Amino acid sequence: MTNSALYPIAVIAVTALVTWALRAFPFLVFGNKPLPDMVHYLGKFLPPAIMTVLVVYCLRETSFIQYPFGIPEIIASILVIVLQLIRKNMYLSIIAGTVCYMILIRLF
Amino acid sequence: MREFKFAIKNTIPIFFTYLFIGIAFGILMSDAGYGVLMSTASALFIFAGSMQIVMVPMMTSGASLISIAVMTFFINARHLFYGIGFIEQFRTMGWKRPYMILTLTDETYSLLCSVQYDPGLDKSRAAFLIAFLDHMYWVFGCFLGSCAGQFLNFDMEGIGFSATAFFLVVVVNQWRQHCSKLPFGVAIVCSAVFLLLLGRDYFIIPTLIACLVSLMLLRRPIEAKEVSDDE
């Protein structure tokens with residue numbers, strides 16, 4: 001099977017189908033029925049929690065007990081947060097943060 | 001046309017992230033011996049960055065389809081939580097609905113959660129164009145990486161931080177939009193607990209479940225705080 005020309009196609013198909021099933025699951029469960037009150041509430045307040053978890057997820061490879069102790073990540077993240085708070089320009093925040101990070105990892 | 005401009009303006013940060021991560025995937029695929037067709041098909045149909053990147057070494061080592069399905073489930077299970085906020089919005093989108101559901105990536109989801117539509121804009125059209133443009137950026141990046149990867153030999157290490165920066169920006173924007181800061185606190189506490197308990201490879205799903213349960217329990221204080229925001 002793994003030597004067949006069909007194998008990579010099958011792998012891509014399986015990966016796509018599982019990903020689609022996961023994305024479609026909430027829509028299949030709540031389909032066209034009226035939404036329960038609790039789901040309504042979660043739809044509003046789950047996103048800020050998920051987004052915060054995604055930031056942690058992005059930084060999960062960072063080691064704070066080994067050199068350079070996550071210093072590039074910490075400095076670049078603070079820069080992004082401060083810029084976004086005072087300038088409210090997402091392009092500026094993202095570009096400045098990324099450039100700052102790319103420079104820092106070459107210095108440390 | 002106004003919706004298209006609006007979508008372009010809002011997806012520019014994702015353009016850079018997807019382009020560079022897509023190129024990285026394309027290079028990985030061509031190094032592993034898979035051509036432009038396979039890279040582009042993966043981008044078009046899977047459209048999930050971290051899983052596509054994990055898929056390549058599994059494919060070269062000839063992993064069974066079952067183990068690929070299980071791996072996909074664990075890496076992408078966070079997507080189970082994304083639809084909850086969009087059930088009603090997508091209901092009114094007609095033929096665009098299945099496309100919106102199947103292309104709900106981390107980045108598209110975050111953008112759709114935090115975007116402020118200009119008055120007079122066709123919301124459904126703008127949301128569709130945001131999802132569509134993100135998808136096309138990804139396909140373009142993967143395509144470019146697989147056919148021209150060997151010519152793009154500049155040092156891109158660290159460009160992946162643009163994804164982190166993007167999510168940070170979204171969190172800051174959400175922080176401004178919500179009166180109750182409890183959801184953020186809950187997320188930080190849950191992430192910290194499960195990171196320490198389970199480590200970086202397994203923490204995300206228990207963390208998301210714990211956030212879901214905690215938010216259900218904290219419904220009263222959170223909604224009480226937000227009342228003034230609704231009216």
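**View 1. The buried side of helix α3 of chain A packs against α4 (90–107) of chain A together with α9 of chain B.** In this predicted model, the residues of α3(A) that are buried are A:P72, A:E73, A:A76, A:S77, A:L79, A:V80, A:L83 and A:Q84. Around the helix axis these residues cover an arc of only 155°, and therefore they sit on the same side of α3(A). On the face turned away from that buried side, the helix carries the exposed residues A:L85 and A:I86. What should the 17 residues of helix α3 (residues 71–87) of chain A span at 1.5 Å a residue? The expected value is 24 Å, and because the end C-alpha atoms are 24 Å apart, the helix in the model agrees with it. The residue that follows α3(A) is A:K88, and its phi is positive, near 50°.

**View 2. Helix α10 of chain B is covered by elements that include α2 (37–58) of chain A together with α11 (204–217) of chain B.** Those two helices are among what lies over the buried residues of α10(B), which are B:P183, B:V186, B:A187, B:C190, B:S191 and B:F194. When one looks down the axis of α10(B), its buried residues fall within an arc of 125°, so they line one face of the helix. Helix α10 (residues 182–198) of chain B has 17 residues, which at 1.5 Å a residue should span 24 Å, and the distance of 24 Å between its end C-alpha atoms agrees with this. Just after α10(B) comes B:G199, which takes a positive phi of about 85°.

**View 3. Chain A and chain B meet through 56 residues of chain A and 69 residues of chain B, which are in contact.** On the side of chain B that touches chain A, the largest share, 13 residues, comes from helix α9 (residues 161–177) of chain B. Sorted by class, this side of chain B has 48 nonpolar, 15 polar and 6 charged residues.

**View 4. Chain A is made of helices, with 4 helices and 0 strands in its secondary structure.** Read from the N terminus on, the elements of this chain run α-α-α-α. The chain is divided into domain 1 (1–50) and domain 2 (63–108), and the centres of these two domains of chain A, taken over C-alpha atoms, are separated by 32 Å. How does the radius of gyration of chain A compare with that of a compact globule of 108 residues? Such a globule would have a radius of gyration near 13 Å, whereas chain A has 21 Å. The C-alpha trace of chain A spans about 50 × 50 × 30 Å along its principal axes, and buried residues make up 41% of the 108 residues in the chain.

**View 5. Chain B is assigned domain 1 (2–175) and domain 2 (178–231).** Taken over C-alpha atoms, the centres of domain 1 of chain B and domain 2 of chain B are separated by 25 Å. The contact between them takes 5 residues from domain 1 of chain B and 5 residues from domain 2 of chain B. By class, the side of domain 1 of chain B that touches domain 2 of chain B has 3 nonpolar, 1 polar and 1 charged residues.

Key:
Residues numbered from 1 in each chain as written. Chains lettered and ligands numbered in written order. Predicted model: local features only at pLDDT ≥ 70, side-chain atom pairs only at ≥ 80, totals over all residues. Rg over C-alpha atoms; globule rule 2.2 N^0.38 Å. Buried ≥ 20, exposed ≤ 12 C-beta atoms within 10 Å, placed from the backbone. Contact = placed C-beta atoms within 7 Å. Nonpolar A, V, L, I, M, F, W, Y, C, P; charged D, E, K, R; others polar. Domains from an automatic or database assignment. Expected span 1.5 Å × (residues − 1). Arc of directions from axis to C-beta.
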